[in-house]
Amino acid sequence: LIIYFLVISLLLFNCKQKPATDVKPKELPRISKNEHLLMATLWQQKAAEYRALAYQAFNIAKKRIDEDSKINRGKKNAIIVDIDETVLDNSPFQATNITADRDYPQGWDAWCNKAIAKEVPGAIDCLKYAVSKGYDVFYISNRKVKLLEGTMKNLQDMGFPQANEEHILLRGEIKSKEPRREK
């Protein structure tokens, strides 16, 4: 019995863990100040659910257009949509900001003037449908007026209906979109 306890004691004594001070910490990867945006941007760019939800929203909008058309016959109707992340997908700009470790508005004007943002899935089809039912489409954004040319080119290149100076309402002196909606 004494030998048994002696062997157990030796085993336990030799099995103790090294103190934490002996372990050298690994170098942590640099964390971007925009890391909080990473998962949202990846989800928007890669998730089938995002595309499905976008299509669902625009399909519901088409049903509402049909319902409204029956109620408001003979009246002039309009649809007002926001531009950024409603009809144009700016997630490539956001991804660039994440990887370049920069914040909005850095690079925003250049991005808008490139006119390469893609459609939010289902947006073009829905707005063309609205125009075919006699609706006017107005695009509203807090993009600055100086970005009108690039914004209009982007919308036109993608095939958005009525993407002209009369139907694109960008920000002037007043940031609020409400006066532009009223107009």
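Below, a trainee and a mentor discuss a predicted model.

Trainee: What kind of model is this, and how are residues numbered?
Mentor: The model is predicted: local features need pLDDT of at least 70, side-chain atom pairs count only at pLDDT 80 or more, and totals for chains, interfaces and linings use all residues. Side-chain values use heavy atoms, with hydrogens and water left out, and residues are numbered from 1 along each chain as its sequence is written.

Trainee: In what order do the elements of the protein chain run?
Mentor: Elements are DSSP runs numbered from the N terminus: helices are H or I with at least four residues, strands are E with at least two. The protein chain has 8 helices and 5 strands. From the N terminus on, the order is α-α-α-β-β-α-α-β-α-β-α-β-α.

Trainee: What share of the residues of the protein chain count as buried?
Mentor: Buried means under 20% relative accessible area, exposed over 50%, and partly exposed in between, with a 1.4 Å probe and protein chains only. The protein chain has 183 residues. The buried share is 34%.

Trainee: Which strand does S1 join through 6 bridges?
Mentor: Two strands pair if DSSP finds at least two bridges between them. S1 has a covered face of Asn77, Ile79 and Val81, and an uncovered one of Ala78, Ile80 and Asp82. Alanine 78 has aspartate 136 as its bridge partner. The two strands run parallel, and the partner of S1 is S4.

Trainee: Which helix gives the most to the lining of the largest pocket?
Mentor: A pocket is an open set of points on a 1 Å grid over the protein atoms alone, where a 1.4 Å probe fits, with protein on both sides within 12 Å along at least five of seven lines; lining residues have an atom within 4 Å of a point. The largest pocket has a volume of about 330 Å³, and of its 19 lining residues the closest to the centre are Asp84, Asn90, Phe93, Tyr104 and Trp108. H2 (35-46), H4 (91-100), H5 (108-114) and strand S4 (135-144) each supply at least two lining residues. The top contributor, with 4 residues, is H2.

Trainee: How many nonpolar residues does the lining of the second largest pocket have?
Mentor: That pocket holds about 160 Å³, a volume being the space filled by probe spheres set on grid points joined across faces, edges and corners. H3 gives the largest share of its lining, 5 residues. Ala, Val, Leu, Ile, Met, Phe, Trp, Tyr, Cys and Pro count as nonpolar, Asp, Glu, Lys and Arg as charged, and the others, Gly among them, as polar. The lining has 1 polar residue, 1 charged residue, and a nonpolar count of 10.

Trainee: Why does the salt bridge of aspartate 84 and arginine 143 tie together parts far apart in sequence, and what is the separation?
Mentor: A salt bridge is a side-chain nitrogen of Lys or Arg within 4 Å of a carboxyl oxygen of Asp or Glu. Here the N to O distance is 2.7 Å, and both residues are buried. Aspartate 84 sits in the loop between S1 and strand S2 (88-89) and arginine 143 in S4, so the separation is 59 residues.

Trainee: Which residue forms a salt bridge with aspartate 82?
Mentor: The closest N and O atoms are 2.4 Å apart. Aspartate 82 is in S1, and its partner lies 95 residues away in the loop between strand S5 (168-171) and helix H8 (178-182). That partner is lysine 177.

Trainee: In the salt bridge of aspartate 125 and lysine 62, is lysine 62 buried or exposed?
Mentor: The side chains meet at 2.7 Å, N to O. Aspartate 125 in helix H6 and lysine 62 in helix H3 are 63 residues apart. Aspartate 125 is partly exposed, at 45% relative accessibility. At 19%, lysine 62 counts as buried.

Trainee: Which residue does a cis peptide bond join to tyrosine 104?
Mentor: Most peptide bonds are trans. This one has an omega of about 15 degrees. The partner is found in the loop between H4 and H5. It is proline 105.

Trainee: What is the relative accessibility of alanine 115?
Mentor: Alanine 115 lies in the loop between H5 and strand S3 (118-119). Its phi is near 60 degrees, a positive value in a residue other than glycine. Alanine 115 counts as buried because its relative accessibility is 8%.
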